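Subject: A structure for you to look at

Hi,

Here's the structure I promised to pass on. Have a look at it first, then read my notes below.

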Amino acid sequence: MKRALSPNDRYLWFRPDSRAIWFRMAVPREVQGTVGKKLVQCSLGTADRRAASVLAGKKRAALFEEWGLVGGDNQAAGAVALTKPTKADLQEAAVAVAHDLYLENAAARRRELLSLGQWAHSIAIDNAREEAGNRAYAQAAGIHVDALADADRVGEIFGFDMPAGSAEHAKLCEFITAVRASSARVAARHAEGHLDDTTDSRLVQEVTAREADKAKPGETLLELFDRYAEQRQAEEGKRADTLTQDRKVIEQFTGFIGADRAIASIKPNDPAFSLALVF
């Protein structure tokens, strides 16, 4: 009799180069700025699926507690609400799995081989170069076979409403293939000793720039205004109705500039800033 799937199975990753099952989960948006990444991963130290499923549930609950999120234990076993991904969502997901995690895993494999001696270092370089060539060919030929499984898995991890065959699924496959080709080139250069080399992917650069422009948790424009309003009310410096009107102005401004923009990223020559001034 086939065992019913546990909700925790969605966090299991059968990593091709590992005998143990791994844990992989999307970091909730509200703590991504604090955690510093969109995905977390680690080995569960067992090849038994049932044991791994239990460990995955415990790991998720522990992370929720560490991040100060309420309901981690309950949510670990609950259903995930699916959302239709935007183009930006797909780009960020592709960068998380095909750049951030790809290079993290490549570095781990490289360190493992380097620990075996110089002969293993040569093997690491040859493997990385071959991988880069294969990924470059896949991108040039429009072959997304390797990206299909990742797209399904990433869509599940991030809670995307993105069935196979949809335009969003196809676009994510395209993004993953392109980003991974660039990441493989970077990994090959790192294997050769050029550790300062960075990506030449415009997609990765754009996503990285957007991430840098995002405000830290608690520091969005509206959050800062609410703290200011609370302080002014406590000091009896401003009437509540005046602060309400002021907040509407900030809301309108964030509608143009972006609700999650960091204050330091807003410049006078920003097109959205100029548009907000016109209106």
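One definition to start: the expected span of a helix is 1.5 Å times one less than its number of residues. Keep that for helix 5, which we'll get to in a moment. Also bear in mind that this is a predicted model.

First, the overall picture. The protein has 11 helices and 3 strands. If you walk along the sequence, the order is β-β-α-β-α-α-α-α-α-α-α-α-α-α. Of the 279 residues, 40% are buried. Take the contacts between residues at least 6 apart in sequence: 66% of these link residues at least 24 apart.

Now for helix 5, which runs over residues 118–141. How far apart should its ends be? Helix 5 has 24 residues, so at 1.5 Å a residue the rule gives 34 Å, and the end C-alpha atoms are 35 Å apart, which agrees. Right after helix 5 comes Gly142, with a positive phi near 70°.

Which residues of helix 5 are buried? They are Ala120, Ala124, Ile125, Ala128, Ala132, Arg135 and Ala138. Notice that a charged residue, Arg135, is on that list. The cover over these buried residues includes helix 4, helix 6 (145–158) and helix 7.

That brings us to how the helices pack. Two packed helices are described by the angle between their axes and the distance between the axes.

Start with helix 4 and helix 5. Their axes are 8 Å apart and make an angle of about 155°. Angles over 145 degrees count as roughly antiparallel, so helix 4 and helix 5 are roughly antiparallel to each other. Their crossing is right-handed. From helix 4, Tyr102, Leu113 and Leu114 take part, and they meet Ala120, His121, Ala124, Asn127 and Glu131 of helix 5. Sorted by class, this contact has 5 nonpolar, 2 polar and 1 charged residues. Ala120 and Ala124 also appear among the buried residues of helix 5.

Then there's helix 4 (residues 87–114) with helix 7 (residues 167–191). Here the axes are 8 Å apart and the angle is about 30°. Angles under 35 degrees count as roughly parallel, so helix 4 and helix 7 are roughly parallel to each other. Helix 4 passes helix 7 in a right-handed crossing. By class, the contact of helix 4 with helix 7 has 17 nonpolar, 4 polar and 5 charged residues.

Cheers

Conventions: Residues numbered from 1 in each chain as written. Predicted model: local features only at pLDDT ≥ 70, side-chain atom pairs only at ≥ 80, totals over all residues. Heavy atoms only, no water. Axes fitted to C-alpha atoms, helices over the stretch in contact; angles between N-to-C directions. Helix = DSSP H or I, 4+ residues; strand = E, 2+ residues; numbered from the N terminus. Parallel < 35°, antiparallel > 145°, perpendicular 65-115°, else oblique. Left-handed = near helix turned anticlockwise from the far one by under 90°. Buried < 20%, exposed > 50% of the residue type's maximum accessible area, 1.4 Å probe, protein only. Contact = heavy atoms within 4.5 Å.
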